[in-house]
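Grab a coffee and open the viewer. Here is a short set of exercises, each with a solution to check yourself against.

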Amino acid sequence: MSRAAVPGLPSRYPIGEQLPALYADDDFAQRFTAGLDTVLAPVFLTLDTLPAYLDPRVAPADFLTWLASWVGATDDPQWPEEQRREAVTRAVELHRRRGTARGLTEALRLALGVRAEVTGAGGATWSATPGTDLPPESPEGPLVRVWPGEGTADGAGGPGVDPARVREIVRVMCPVHTDCRVEILPGPPTDEGR
């Protein structure tokens, strides 16, 4: 999309009107500056609307990839435009929540449209005595359960949850020292399963 090619785009700051009075009636000077106005009008328009370019909710679609690179957001060109906009809008929040159960469930919902739950997220311990032994490690790490969301199949046919993509997101969003287990369930969560 080229915003420079808007036909008949007027300049908000015509150069001819800013010339000294001597040139106000000079036909050549007015035509010459009108040509410059045509060239500069898209530049002024872009500068006047710069805040809109930097807001992922209203930025031009072809600008989203660049904005995503600024904030380290995942930008998959196969996603619908609204999903791409939300990924860029929420990128900083997701970076802040990285390594937490909430951050992991939000990243899975945003990227794949699935519902997720993290259980057994570990804990922390401390001791006032130097040289105290570490507590024994839990044999199993946190468990990430994933159910199809509204935009995915419910297990009754059609495209379902892609296990490879789920595992990749879990690998990226889990703390580096944690080995998260992934369980993909066929249907939506029920109250009994919680």
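The exercises below go from the overall layout down to single residues, and the model they use is a predicted one.

**Exercise 1. Work out which helices and strands the protein chain has and in what pattern they follow one another.**

Solution.
- Start by counting: the protein chain has seven helices and three strands.
- Next, read along the sequence, and the pattern comes out as α-α-α-α-α-α-β-β-α-β.
- Then look at burial: of the 194 residues in the protein chain, 29% count as buried.
- Finish with contacts. Taking those between residues at least 6 apart in sequence, 58% join residues at least 24 apart.

**Exercise 2. Describe the sheet: its strand order, its pairing and its edges.**

Solution.
- The order first: three strands make an open sheet, β1-β2-β3, and the pairing is mixed.
- Now the edges. β1 and β3 (181-184) each have a single partner strand, so each has one side without a neighbour in the sheet.
- The twist from one strand to the next averages 20 degrees.
- To see where "mixed" comes from, take the pairs in turn. β1 and β2 run antiparallel and are joined by five bridges, while β2 and β3 run parallel, with four bridges between them.
- Pick out some residues that face each other. Val-118 sits opposite Val-144 in β2, Leu-143 is opposite Arg-181 in β3, and Val-146 is opposite Ile-184 in β3.
- As for cover, four of the five residues of β2 are buried, so that strand counts as mostly covered.

**Exercise 3. Find out which strands α6 and α7 lie across, and at what angles they run.**

Solution.
- Take α6: this helix lies across β1 and β2, and runs at about 160 degrees to β1.
- Then take α7, which lies across β2 and β3 and runs at about 145 degrees to β3.

**Exercise 4. Check the span of helix α6 against what its residue count predicts, then ask what covers it.**

Solution.
- Helix α6 covers residues 101-112, which is twelve residues; at 1.5 Å a residue they should span 16 Å.
- The end C-alpha atoms of α6 are 16 Å apart, so expectation and model agree.
- Now burial. Nine of the twelve residues of α6 are buried, so the helix is mostly covered. Among them are Leu-104, Leu-108 and Leu-112, and the list also includes Thr-105 and Glu-106.
- What does the covering? The elements include α4 (81-89), α5 (91-96), β1 (115-119), β2 (143-147) and α7 (163-173).
- One last stop: Gly-113 follows α6, and its phi is positive, near 70 degrees.

**Exercise 5. Repeat the span check for α1 and locate its bend.**

Solution.
- Helix α1 takes in residues 27-48, 22 residues in all, which should span 32 Å at 1.5 Å a residue.
- The distance between the end C-alpha atoms of α1 is 29 Å, which still agrees.
- Now follow the axis: α1 bends by about 40 degrees at Leu-40, and there's a proline, Pro-42, within the four residues after that.
- Pro-42 also turns up in the list of buried residues of α1, with Ala-29, Thr-33, Asp-37 and Ala-41.

**Exercise 6. Identify the disulfide, give its handedness and decide whether its cysteines are buried or exposed.**

Solution.
- The structure has one disulfide, and the partners are Cys-174 and Cys-180, with sulfur atoms 2.2 Å apart.
- For handedness, look at the torsion about the S-S bond of Cys-174 and Cys-180: about -110 degrees, so the disulfide is left-handed.
- For burial, the cut-off is under 20% relative accessible area. Cys-174 comes in at 11% and counts as buried; Cys-180, at 16%, is buried too.

**Exercise 7. Place Gly-141 in the chain and list what it touches.**

Solution.
- Gly-141 belongs to the loop between β1 and β2.
- Its relative accessible area is 23%, so Gly-141 is partly exposed.
- Leaving out residues up to four places away in sequence, Gly-141 touches Gly-120, Asp-179 and Arg-181.
- Gly-120 is 21 residues away from Gly-141 along the chain, and their C-alpha atoms are separated by 6.9 Å.
- To link back to Exercise 2, Arg-181 is the β3 residue that stands opposite Leu-143.

Technical notes:
Residues numbered from 1 in each chain as written. Predicted model: local features only at pLDDT ≥ 70, side-chain atom pairs only at ≥ 80, totals over all residues. Heavy atoms only, no water. Disulfide = S-S within 2.5 Å. Buried < 20%, exposed > 50% of the residue type's maximum accessible area, 1.4 Å probe, protein only. Helix = DSSP H or I, 4+ residues; strand = E, 2+ residues; numbered from the N terminus. Expected span 1.5 Å × (residues − 1). Contact = heavy atoms within 4.5 Å. Pairing = 2+ DSSP bridges. Axes fitted to C-alpha atoms, helices over the stretch in contact; angles between N-to-C directions. Bend = angle between axes of the 7 residues up to and from the residue.
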